[in-house]
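User: Please examine the following model with me. I should like each descriptive term to be justified by its definition.
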Amino acid sequence: MPHHALDVTLTRPLTPAELHQATRTMPLAANHDSTHLLALVRAKTPGKALTRLRRQIGGRLPIDVITTHYPDADGEILLNVAFQPATHTALKAAADKAGQPLPLFLQMVLLWALARHASEAADRLDQAVRHLLAHATAPHLLAAIGRALTHIPGVARC
């Protein structure tokens, strides 16, 4: 049976005692401030791995969301979120009103929100570039961008 790498985003940093207790249940690696965990979970599918992890440590830790660490064959990251009962009821009602099963409805809403976010970010960038071009020529702006990119840590230099 394969292992699946899962990312766990927490609602708050773990205390050392909570982290120690959780690692006794299953091997976990925490980031520097204990707000994210990485786990390897043995399961037939990534979806079953998400469910297994939620079942094993979900009640012990302040888990916000669990995702697969690597995209699947379709290039998608799986997401596991546990909603409060009232939130689940409201989402189910909205899915029913849209005539869709809840998982498909949530996927469509999430994709729409991500596309909207990307569009808004692109619009902000376009507006900033237009503002810069109002005060500089295109060649000066390109030279400034080139200089800025060569001074960003982690950006490869030619």
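User: What share of the 158 residues in the protein is made up of buried residues?

Analyst: This is a predicted model, in which local features need pLDDT of at least 70, side-chain atom pairs count only at pLDDT 80 or more, and totals for chains, interfaces and linings use all residues. Residues are numbered from 1 along each chain as its sequence is written, and side-chain values use heavy atoms, with hydrogens and water left out. Buried residues, those under 20% relative accessible area with a 1.4 Å probe and protein chains only, make up 22% of the 158 residues.

User: What makes the protein more spread out than a compact globule?

Analyst: The globule rule is 2.2 Å times the number of residues to the power 0.38, and the radius of gyration is taken over C-alpha atoms. For 158 residues the rule gives 15 Å, whereas the radius of gyration is 21 Å, well over that value, so the protein is more spread out than a compact globule. The C-alpha trace spans about 60 × 45 × 30 Å along its principal axes.

User: Why is Arg54 said to have no salt bridge?

Analyst: A salt bridge requires a side-chain nitrogen of Lys or Arg within 4 Å of a carboxyl oxygen of Asp or Glu. The nearest side chain of opposite charge, Asp64, is 7.4 Å away, and Arg54 therefore has no salt bridge although it is buried.

User: Which residues are in contact with Arg54, leaving aside its neighbours within four places in sequence?

Analyst: With contact meaning heavy atoms within 4.5 Å, the partners of Arg54 include Gly59, Ile63, Asp64 and Val65.

Terms used
Buried < 20%, exposed > 50% of the residue type's maximum accessible area, 1.4 Å probe, protein only. Lys, Arg positive; Asp, Glu negative; His and termini not counted.
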